[in-house]
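Hello,

Here is the structure I promised to pass on. Have a look at it first, and my notes follow below.

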Amino acid sequence: MSESAVHTALVWAILALAAVTFAALLRLRAPYGRHYSGRGWGPEISNRTGWIVMELPATLVFACVYAFGDAADEVVPLVLLGMWQCHYLNRNFIYPLRIRSGRRKMPVLVASSGFVFNLINAYVNARFISQLGEYGTGWLTDPRFLAGAAVFVAGLTLNIHSDNILLRLRQSGGTGYSIPRGGAFRHVSCPNYLGELAEWAGWALATWSAGGLAFFAYTAANLVPRALSHHRWYRDRFEDYPAGRKALIPGVL
């Protein structure tokens, strides 16, 4: 089987996994963070360690796979590499070191499943942009790239700004939860998720690739149900939770 055929099969696998994930998360809450009770999911590791391990392939494996591509030193693939790593260097290393997770744990099952997904997804996206795809320098002025890059940057900005608001809630040293306010939290409960969705929608457009589209579909399948769960959790926990806030999309969802 050719590498192109393997790549296509992996793209379809990600799309199938997105469908399964979406159906599962509509019925179950992902067992980490505020929704993890600490029972019934097997061995555990610290939340911070699990996060770093889970995201590691998205930075290191992506960079290694990218480096072996024939187009790795060309301008457009390098720009796309920079976009990807702007997100994941923050998500993999900076963000976990900033969180106050206290003694919170994560099931090894969650960390390992995330690791495997990121391993596959890193290969699919990195291999396309530096080997299987074709990007001339003119792609940098193509409307699809320009629109995708703009959406990606806007999403990254929203994601980091929203994370900063959440992190500031715990600067006093506590690990309890309170109502986040300010920024896009005025409109939705999970603007950090909305920002991440925008990032990968922008990536799919900027790369104009099936792998990018599959990654966006999986991200949506993962984050939309989680946003709905977070929104319900906030409303159940806080009697004074703002009634006008939506879960993920202002005025819509």
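**Leu80 and the core around it**

Leaving aside its neighbours within four places in sequence, Leu80 is in contact with Ile129, Tyr135, Phe145, Trp203, Ala206 and Thr207. Please keep in mind that this is a predicted model. The protein chain has an average pLDDT of 92, and 92% of the residues score at least 70.

Leu80 also turns up in the largest nonpolar core, a set of 33 residues in which Phe62, Leu80 and Trp203 have the most contacts. Two or more residues of this core come from each of helices H1 (3-25), H2 (47-67), H3 (75-98), H4 (108-132), H5 (143-168), H6 and H7 (210-237).

**Helix H6**

H6 covers residues 191-207. Its 17 residues reach 24 Å from the first C-alpha to the last, close to the 24 Å expected at 1.5 Å a residue. Of those 17 residues, 13 are buried, so the helix is largely enclosed by the rest of the structure. Confidence in the protein chain is highest in H6, at 98, and lowest in strand E2 (residues 105-107), at a mean of 87. Just after H6 comes Trp208, with a positive phi of about 50 degrees. Arg144 lies over the face of Trp208, at 4.9 Å from the ring centre.

**Aromatic pairs**

If you like aromatic residues, there is plenty to look at: the count comes to 19 aromatic pairs. In one of them, the rings of Trp51 and Tyr95 have centres 5.6 Å apart and planes at 55 degrees, so the pair is tilted. Trp51 belongs to helix H2 and Tyr95 to helix H3, so the pair ties together parts that are 44 residues apart in sequence. Both partners are buried, Trp51 with a relative accessible area of 14% and Tyr95 with one of 17%. Tyr95 has a charged partner too: the charged end of Arg91 sits over its ring, 4.7 Å from the centre.

Phe117 and Tyr218 form a stacked pair, at 4.0 Å centre to centre with 20 degrees between the planes. This pair links distant parts of the chain, with Phe117 in helix H4 and Tyr218 in helix H7, 101 residues apart. Phe117 counts as buried at 9% relative accessibility, and Tyr218 is buried with a relative accessible area of 14%.

Ring pairs also join Phe117 and Tyr218 into a cluster with Phe62, Trp84, Tyr88, Phe152, Trp200, Trp203 and Phe215. Phe62 and Trp203 will be familiar from the core described above.

Best wishes

Technical notes
Residues numbered from 1 in each chain as written. Predicted model: local features only at pLDDT ≥ 70, side-chain atom pairs only at ≥ 80, totals over all residues. Heavy atoms only, no water. Helix = DSSP H or I, 4+ residues; strand = E, 2+ residues; numbered from the N terminus. Expected span 1.5 Å × (residues − 1). Buried < 20%, exposed > 50% of the residue type's maximum accessible area, 1.4 Å probe, protein only. Core = buried A, V, L, I, M, F, W, Y, C linked by side-chain atoms within 4.5 Å. Contact = heavy atoms within 4.5 Å. pLDDT = per-residue confidence, 0-100. Phe/Tyr/Trp six-rings, centres within 6.5 Å; stacked < 30°, edge-to-face > 60°. Lys NZ or Arg CZ within 6 Å of the ring centre and 35° of its normal.
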